[in-house]
Amino acid sequence: MLICLSASHKNAGFDMLERLSASADAAAGRIVDGHAALQGAVVVATCNRFEAYLDLATPEGESPVPIVHEAIRAVGDVAGLEPEELRSTFDFAHGNAVAGHLFSVASGLESVVVGEGEIAGQVRRSLERARDEGTTTPELERLFQRASQTSRTVKNRTGVGSAGRSLVRLALDLASSRVADWGKARVLLVGTGQYAGASLAALRDRGANDVRVYSPSGRAARFARSHGIEAVSHAGYAVAAAAADVIITCTTADHHVVDRVLLAGGKATLASSHAAPTDAEASAVLAEFRAWCPVPGAARSARQLVVDLGMPRNVATDVVEVEGVELLDLETIRRHAPLEELGATEAARELVNSAARNFGAVGEELDLAPSVVALRSHVAGILDAEIERARGRGQGDPDGRVEQALRHMAGVLLHTPMVRSREFARSGEQRAWIEALDALFGVRADDAR
């Protein structure tokens, strides 16, 4: 049985999502270890949602609720949240509704900005991480692979992907009201992860050409070389942060990478740069940023915008205590999310619903597969036994035509039960077909093993 536990911008506060996101890497393993019936788990964590997709092995007629509660308890343990709080927050889906929800998520229909392109990659990477951790199952594999296929279909056949703006582009749209001329703006990009490339592309679309990158994990040089920009060293980070007109953070760091101390310290250093520094390293750092701060004592413009795209938060809220600094974070961005492109979204949802129905139909047929195999094995066994018995009695069949006719007849007799199995599966009546098989022939799925 497939289960989905979902917390998103629609039902959870930013603080809860931040804590869930910060613990996401450890969640799937803890979930699977929490109960023997939890066969697998794939966790999708983004800046606006945390979702756990579970594969439960529950006996027929047994409630999955206690097992789900154990999964929620495991999530709470790694995130430092009370299970009761999570139970009252999580949306719950099971069965075919899980496919419909994930396909909608992967297609960008549940995002803050409908049609955002980043989510499809995030869903794909969630499955890859589960594979690496050994927490996926064949059914979860099928679910997530179908989700990726559906998202590509939606992108190619509707206007959602092109009409919907990404979170990065929405953030820069909002930032544009504070930036008079992107062509003259000094921009510092902090991070080289999933949003960094999208941020740089969106900046260039707006005419920004003075962009530098810093990476807390030391990947700035490689990112800078591949994107044709300048990298900032660890030693020069505070100065670069103070010199920038716009700072955009998009790291996966579990700590603040920009705070009041960083900006105030860098600003003080730049303000005194007209005096010859005695420290050789400080002198080198200041020389590196002369182009950004050509006038001594005028380190940067009166206003500085910090855009925080990180989850968990990359920027401490105390940055606004530094004179002239304004913070644009995910909570603010959400409040300005545009309305859906209704026509394109409606068409996309039709595709998603169709894909979910197909996923469920195939799954139901797969549920009957062991019983179908058992019936075929039962008939083939009877046929082979009768042929061998005839041969033992010396009844000849020199050209094999009798055996061929018998096998053809067995195939004809099996045709109707096979067709009916698919009909019963699609109508949700698998149990009736299985029970009829047992009552008429004494055949059970275990008989095929």
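**Close-up 1. Helix 5 and helix 7 pack against each other in this predicted model.** Helix 5, which covers residues 96–106, packs with helix 7 at an angle of about 45°, and the two axes are 8 Å apart. An angle of this kind falls outside the ranges for roughly parallel, roughly perpendicular or roughly antiparallel pairs, and helix 5 and helix 7 are therefore oblique to each other. Their crossing is right-handed. On the side of helix 5 the residues that meet the partner are V98, A99, L102, F103 and A106, while helix 7 brings L143, F144, R146, A147, T150 and S151. Sorted by class, this contact between helix 5 and helix 7 holds 8 nonpolar, 2 polar and 1 charged residues.

**Close-up 2. Four strands make an open antiparallel sheet.** The 4 strands follow the order 2-3-1-4, and their pairing is antiparallel. Strand 2 (38–45) and strand 4 (91–94) are the edge strands, and because each has a single partner strand, one side of each is left without a neighbour in the sheet. From one strand to the next, the twist averages 15°. Strand 1, made of residues 2–8, pairs with strand 4 in the antiparallel sense over 4 bridges, and within this part of the sheet I3 stands opposite H94 of strand 4.

**Close-up 3. Helix 7 lies across strands of the antiparallel sheet, and an aromatic pair links helix 7 with strand 3.** Helix 7 lies across strand 1, strand 2 and strand 3, and runs at about 135° to strand 3. The model has 4 aromatic pairs by the rule used here. In one of them, Y53 and F144, the ring centres are 5.3 Å apart and the planes stand at 85°, so the pair counts as edge-to-face. The two residues come from distant parts of the chain, with Y53 in strand 3 (residues 49–56) and F144 in helix 7 (residues 138–157), 91 residues apart. F144 is also among the helix 7 residues that meet helix 5.

**Close-up 4. Helix 2 packs with helix 3.** Helix 2 (residues 24–33) and helix 3 (residues 65–79) pack at an angle of about 140°, and their axes lie 9 Å apart. Since only angles over 145 degrees count as roughly antiparallel, helix 2 and helix 3 are therefore described as oblique to each other. Helix 2 passes helix 3 in a right-handed crossing. The contact is made by A26, A27, R30 and I31 from helix 2, together with A71, A74, V75, D77 and V78 from helix 3. By class, these residues comprise 7 nonpolar and 2 charged ones, with no polar residue in the contact.

**Close-up 5. Six strands make an open parallel sheet, with helix 9 lying across part of it.** The 6 strands are arranged in the order 7-6-5-8-9-10, and their pairing is parallel. The edges are formed by strand 7 (230–231) and strand 10 (325–328), each of which pairs on one side only. Strand 6, made of residues 210–214, pairs with strand 7 in the parallel sense over 2 bridges, and here R212 stands opposite E230 of strand 7. Helix 9, residues 167–175, lies across strand 8 (246–249), strand 9 (304–308) and strand 10, and runs at about 145° to strand 10.

Conventions:
Residues are numbered from 1 along each chain as its sequence is written. This is a predicted model: local features need pLDDT of at least 70, side-chain atom pairs count only at pLDDT 80 or more; totals for chains, interfaces and linings use all residues. Side-chain values use heavy atoms; hydrogens and water are left out. Two strands pair if DSSP finds at least two bridges between them. Contact means heavy atoms within 4.5 Å. Axes are lines fitted to C-alpha atoms, for helices over the stretch in contact, and angles run from 0 to 180 degrees between N-to-C directions. Angles under 35 degrees count as roughly parallel, over 145 as roughly antiparallel, 65 to 115 as roughly perpendicular and the rest as oblique. A crossing is left-handed if the near helix is turned anticlockwise from the far one by less than a right angle, and right-handed if clockwise. Ala, Val, Leu, Ile, Met, Phe, Trp, Tyr, Cys and Pro count as nonpolar, Asp, Glu, Lys and Arg as charged, and the others, Gly among them, as polar. Rings of Phe, Tyr and Trp (its six-membered ring) pair if their centres lie within 6.5 Å; planes under 30 degrees apart count as stacked, over 60 as edge-to-face and the rest as tilted.
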